[in-house]
Amino acid sequence: MKVAILYICTGKYTVFWSDFYQSCESNFLANSSKEYFVFTDKKFRSQTGVHFIFQPKLGWPYDTLMRFDMFNRIKDQLVRFDYIFFLNANMRFLVKIEEDFLPFKEELLAVQHPGYFNKDRVNFTYESNSASLAYVAPTEGKFYFMGGFNGGKGQAYLKLIETLNENVKADLGNGIIAVWHDESHLNRYLIGKNIKVMTPAYGYHEAWDLPFEKKVVIIDKIKLGGHDFLRSDKLNFSRSAKLLFSKIFYWLRKSCNTLINRQ
């Protein structure tokens with residue numbers, strides 16, 4: 001079985017890579033052939049089976065919002081894998097996770113968000129702006145999934161990447177950023193799909209007390225200065241300011257691509 005692991009660590013998030021890699025090598029799908037695709041702006045020493053892809057830090061929230069754009073850039077390399085998984089930088093595998101974890105009967109796999117697994121649908125934080133392609137109507141949705149661990153069969157996940165890349169860019173072109181960025185788009189896409197639903201045992205925040213075995217933990221960012229420090233945010237922008245910046249970001253990116261294509 002050939003498995004691709006997608007991983008993003010730009011800026012200060014590079015501090016998480018070494019521990020993640022060691023835990024994944026030791027505990028995740030040990031009987032499968034794994035290769036890692038690491039999007040980073042840091043120079044790491046060469047490692048067998050690890051592909052380092054230069055990715056400049058985009059700033060918050062684009063480091064997370066634009067992840068499907070990053071993945072889509074290497075789709076030609078990903079087509080040879082049976083399964084593809086993405087994990088957040090601050091995830092750790094604590095126990096052995098064998099091949100029965102894989103979605104053999106299903107197309108995709110997603111992990112219930114540890115903050116919402118026991119909440120009623122009305123409390124889910126789906127995107128509520130009907131103009132967004134991440135919008136979920138009040139009558140839709142059964143689970144709320146975390147954005148930090150998901151995957152599936154190769155072709156199915158490549159389709160997810162391509163679709164969500166297009167949807168995020170379409171939203172940006174209209175000056176829209178979904179409330180929880182890539183996670184909002186992921187939750188929209190997964191509604192009605194053939195999914196293997198995993199409990200928060202595979203997304204267990206290490207500082208919380210949940211009724212699950214700790215299998216994959218989310219390392220508490222407070223240990224390393226918290227979200228703002230790791231993101232290097234100097235200002236706490238309002239959502240309206242983010243939307244204004246999104247239009248500028250989108251058109252600058254589009255203009256740059258146009259210039260490159262003309263050369």
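## Exercises on strands, a cavity and a buried helix

R92 finds its bridge partner within strand β10 in V217. The model is predicted, with residues numbered from 1 along each chain as its sequence is written, and local features need a pLDDT of at least 70, while side-chain atom pairs count only at pLDDT 80 or more and totals for chains, interfaces and linings use all residues. Side-chain values rest on heavy atoms, with hydrogens and water left out.

### Exercise 1

Place the pair R92 and V217 in its sheet, and name the edge strands.

**Solution.** Step one is to fix the terms: helices (H or I, at least four residues) and strands (E, at least two) are DSSP runs numbered from the N terminus, and two strands pair if DSSP finds at least two bridges between them. Step two is the pairing itself, in which strand β10 (residues 216–218) runs antiparallel to β5 and is joined to it by three bridges. Step three widens the view to an open sheet of three strands, ordered β5-β10-β9, with mixed pairing. The edge strands are therefore β5 (91–93) and β9 (204–205), because each of them pairs on one side only.

### Exercise 2

Decide whether strand β4 is enclosed or open to the surroundings, and name the strands that pair with it.

**Solution.** Begin with accessibility, where buried means under 20% relative accessible area, exposed means over 50% and partly exposed lies in between (1.4 Å probe, protein chains only). Since five of the five residues of β4 (residues 83–87) are buried, the strand is largely enclosed by the rest of the structure. The side chains can then be sorted by direction: Y83, F85 and L87 point one way, whereas I84 and F86 point the other way, and all are buried.

Next, follow the partners of β4. Strand β1 (residues 2–9) pairs with β4 in the parallel sense over five bridges, and V3 stands opposite Y83. The pairing of β4 with β7 is antiparallel, also over five bridges, and here F86 stands opposite N150.

### Exercise 3

Work out how many cavities of 30 Å³ or more the protein holds, and describe the lining of the largest cavity.

**Solution.** On a 1 Å grid over the protein atoms alone, a cavity is a set of points where a 1.4 Å probe fits but cannot get out, and lining residues have an atom within 4 Å of a point. Grid points are joined across faces, edges and corners, and a volume is the space filled by probe spheres set on the points. By this rule there is one cavity of 30 Å³ or more, and the largest cavity holds about 40 Å³ of space.

The lining of the largest cavity consists of R67, F68, F86, G147, N150, Y157, D182, E183 and L186. Two or more of these residues come from each of α3 (67–73), β7 (145–153) and α6 (181–190), and α6 gives the most, with three residues. F86 and N150, met above as an opposite pair between β4 and β7, are both among the lining residues.

To sort the lining by chemistry, count Ala, Val, Leu, Ile, Met, Phe, Trp, Tyr, Cys and Pro as nonpolar, Asp, Glu, Lys and Arg as charged, and the others, Gly among them, as polar. The result is four nonpolar, two polar and three charged residues.

### Exercise 4

Describe the surroundings of D182, then of the helix that carries it.

**Solution.** D182 lies in helix α6, and it counts as buried because its relative accessibility is 5%. Its side chain is joined to that of R67 by a polar contact of 2.8 Å; such a contact is a pair of N or O atoms within 3.5 Å, where within protein one must be able to donate a hydrogen and the other to accept it, and residues adjacent in sequence count only if both atoms are side-chain atoms.

Contact in general means heavy atoms within 4.5 Å. Leaving out residues up to four places away in sequence, D182 touches T64, L65, R67, F68 and G147.

Now turn to α6, which is mostly covered, with 10 of its 10 residues buried. These buried residues pack against α2 (62–65), α3, β6 (108–112), β7, α5 (154–173) and β8 (195–198). After α6 comes G192, whose phi is positive, near 85°.

### Exercise 5

Are N72 and Q77 buried or partly exposed?

**Solution.** N72, a residue of helix α3, counts as buried because its relative accessibility is 17%. Apart from neighbours within four places in sequence, N72 is in contact with I161, E162 and N165. Q77, which is found in helix α4 (residues 75–78), has a relative accessible area of 35% and is therefore partly exposed. Q77 lies 40 residues from F37 in sequence, and their C-alpha atoms are 9.6 Å apart in space.

Notes:
1 Å grid on protein atoms, 1.4 Å probe; cavity = no way out; pocket = protein on both sides within 12 Å on 5 of 7 lines; lining within 4 Å.
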